[in-house]
Amino acid sequence: MLLGLGYVFRPIDLNVFKKQITTRILSKEKQIIGRSTNDSQTKQDWESIDEYPDFVSKIVLLAEDKRFETHHGIDLLALSNSLYSFLFTRENRGGGSTITMQLTRIVFPEIRKYPILFRKIIEVATALRFELWMTKKEILEAYLNSVSLHSNIVGFPSASLQLFGKHIRFLSIEESVYLTILIRKNHSSDEEIKFRYNQLKEKIPFPIPYLENPKELTIITKKENVSEVNPLLSGENQHFLNWIRVLIPLPDGEFIATISSQLNSEVHSIVNSELEGLKRWNVGNASALVLEKDSNYFDELSLVAMIGSKNFFEEGNGMVNGTLAFRDAGSTLKPLLYGYAIDKKYYTINSILSDEKFSYPIGFVGNYLPRNADLRYWGDLTLAEALGNSRNIPAVTAIQKIGVPNFYQFLISAGFQHLKESPSFYGPGLALGTGGASLLQLSRIYGAFALGGILPKIRLGYFKEEPFYFGDSKRIFSEETSEEIKFILSDGKLRQKAFGRRSYLNFPFPVSVKTGTSKDYRNSWTVAFNDRYVVAAWVGNFSGEKTMDVSGSFGAGRIVQNIFRLLMNDKPKSVYIPKLTEIRDFCKITGKSATKKCPSISLRVRKTMNHSEICNKHGEGDLSSVIGVGFVYPANGQVYLYHPAHEKDKQKIPIRIREIKTLKNPKLVWNQMKEIPMSLNGDANVSIQRGKQNLELFDGIEKKASVQFEVK
């Protein structure tokens, strides 16, 4: 007895009623797009009873507990009627539980497991406790917000939003009756609802119309019809919802996302439209992401669109969020590599890099022989040209110079936390994306170029009017380097040699863009940005299956082109305004300040750059220095491996001389002893021989070039 009294007189913590509340997740347009999850996988809101229309509580009390205002948690008359019905008539005349007793079972569902007699004792004791420590208004508020009504919907506020698409304060009398009927039987058929509705109608002292079709009250039919019209245009917000639910444990309240439901729908349509045209190229899926800059903030971007796959509800891979998945990043990391190298003063925009056939030794493993996508070699070119045309060999040369571990650590500091292996595991291929990346990572780090070198934090939404971010902001590039890279990536003429005069990388307004294509065309990437947006897309197959030669500029480039045109449709097409850079002319061969006789290139470089030495190699008649006579291969420092099981004659080392026709009396000497015959096009070969080797090219007696290599 004392134990029971102690239990009844123990105070109630009102938070116990709110432990299963789920957060409403709203789009930027304030439309509900989903909810957080709770332990019971239900949807529950909580609204003050003052928000409810007065007739809601009157209808519920009339149907469930007529003497609620007068009893103290236990209705003896109702209990006796229920007991008499159970013992003598075997008919169901309704339960004897009051609303307070029902609330005990809602709050403490585990008591349902106990035998009926013991369970009723606990219900009575708990009901008395509730009545002692709570007002009638508090009990009714807890009940209306917690009672199970339909499927996994809990409480009148949640049901009002889900079934009628309106806030509880706008609930009508007919809708209140509909929900009241669902208290007793969640999964009532239309006929049952109609019967009980019209039965309860006679007891309600409010004029309400006769109900012919219960579905007319709800928005379920309307939703079903929209889904049936176009099943692809559904679930466009689901990838974001799943991510946000995992990312943060949302408490009660509202989370207003930065995602625009309208924009997400339009981007989803673009993705699916482009995928229809790419089917013939064995492309099965795509992902897209849009970040937007707010002029009021210098270190953040907002996520306004996220499409993880073509159809979230597609069987198999539909639920895969392609914007978060890690895949071989192809050439998309090159701007990061060059940006880092420039900031560390290894290079400048006008530095000369060699695009020749090279073999890079990798420890005791062997050699790394990178190739360009077009399988060609362009010779010497400026860093700006190498980046704009996405040449692979200059990028590998750059990472070798700055050190793979240094670039690796830079990527880690910039948010590439998925790189779990050692730098030696990735090797120089890290410059070409072998470490992988996600669309979200790439969008964020390209946002640094748009924000003057600051890696942005990504605003995902607001909770209780406070912003919620993904990542922290930090400076990763200097402002000068960011502006230089931005202008290189926006220069259509600079990349024309690789991508042509017309491609999906050219826009009718200023946009900086970079593509990436992984080995065997498995992944097609495009990331683009201007002063307002960052847009990124991936195209391929979630299974990793090869596409039919779909490059970044063609596959993902089409999607990014259409998204950017959509975004800029009603916005001013202003040009980039340089702040820290100016245009200067450089010699394309030496990288020095150009003279009138130099093959020159105009590059936008930082104003603080010292005026470089004037090129003095292009005097009249000195054609060899203009054209750049030299060895295409072997490359300087290249290592060849001798295989003793194969015939020596079949292991000859190939030689090619660049622009040999400009020499009057060419001569090729091997190891300073033997002259090697050459074709008119500059091709030759030497027998394989272990040890260090030397080749020298002469024009008469003047030495024009030399190269050293080794055979092991």
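These are my notebook entries on cavities, aromatic contacts and strand pairing in a predicted model.

**Entry 1, cavities.** I began with enclosed space, and I found that the structure holds two cavities of 30 Å³ or more. For the largest cavity I noted about 60 Å³ of space, and I listed its lining as G388, S390, L489, R495, F499, L505, V513, K514 and T515. When I sorted that lining by secondary structure, the largest share, three residues, came from strand β17, which covers residues 512-517. Sorting by class gave me four nonpolar, three polar and two charged residues for the lining of the largest cavity.

I then turned to the second largest cavity, where about 40 Å³ of space lies. I recorded 10 lining residues there, with G235, E236, H239, H268 and S309 lying nearest the centre of this cavity. Its lining divides into two nonpolar, seven polar and one charged residue.

**Entry 2, aromatic pairs.** I looked up ring contacts next, and the structure holds 21 aromatic pairs. One that I followed is the pair of F487 and Y576, which is edge-to-face, with 5.7 Å centre to centre and 85° between the planes. I traced this pair along the chain and found that it links distant parts: F487 sits in helix α19 (residues 479-490), while Y576 sits in the loop between α21 (555-567) and β20 (581-587), 89 residues apart. Are these two residues, F487 and Y576, buried or exposed? I found F487 buried, and Y576 buried as well.

I set beside it the pair of Y504 and F554, which is tilted, at 6.4 Å centre to centre and with 50° between the planes. This pair also links distant parts of the chain, since I found Y504 in the loop between α20 (496-499) and β17, and F554 in the loop between β19 (533-540) and α21, 50 residues apart. Why do I call Y504 partly exposed? Its relative accessible area is 33%, and partly exposed covers the range between the 20% limit for buried and the 50% limit for exposed. F554, with a relative accessible area of 27%, is likewise entered as partly exposed.

I also noted a cluster in which ring pairs link Y340, F407, F410, Y446, F449, F477 and F529.

**Entry 3, charges over rings.** Returning to Y576, I found that K486 lies over the face of this ring, at 4.5 Å from the ring centre. I entered a second case, in which K457 lies over the face of Y469, at 4.3 Å from the ring centre.

**Entry 4, a three-stranded sheet.** I looked up an open sheet of three strands and wrote down its order as β3-β5-β4, with mixed pairing. Because β3 (43-44) and β4 (148-150) stand at the edges with a single partner strand each, one side of each is left without a neighbour in the sheet. I followed the contact of β3 with strand β5 (residues 153-154), which is parallel and runs over two bridges; within it, the bridge partner of Q44 is V154 in β5.

**Entry 5, strand β29 and its partners.** My last search centred on strand β29 (residues 702-711), which runs parallel to strand β23 (residues 639-640) and is joined to it by two bridges. Here I found V639 standing opposite E710. With strand β28 (residues 691-699), β29 runs antiparallel, and nine bridges join the two; E696 has S706 in β29 as its bridge partner. In the hairpin of β28 and β29 I noted two residues between the strands, and that G700 takes a positive phi near 70°.

Notes
Residues numbered from 1 in each chain as written. Predicted model: local features only at pLDDT ≥ 70, side-chain atom pairs only at ≥ 80, totals over all residues. Heavy atoms only, no water. 1 Å grid on protein atoms, 1.4 Å probe; cavity = no way out; pocket = protein on both sides within 12 Å on 5 of 7 lines; lining within 4 Å. Points joined across faces, edges and corners; volume = space filled by probe spheres on them. Nonpolar A, V, L, I, M, F, W, Y, C, P; charged D, E, K, R; others polar. Pairing = 2+ DSSP bridges. Phe/Tyr/Trp six-rings, centres within 6.5 Å; stacked < 30°, edge-to-face > 60°. Buried < 20%, exposed > 50% of the residue type's maximum accessible area, 1.4 Å probe, protein only. Lys NZ or Arg CZ within 6 Å of the ring centre and 35° of its normal.
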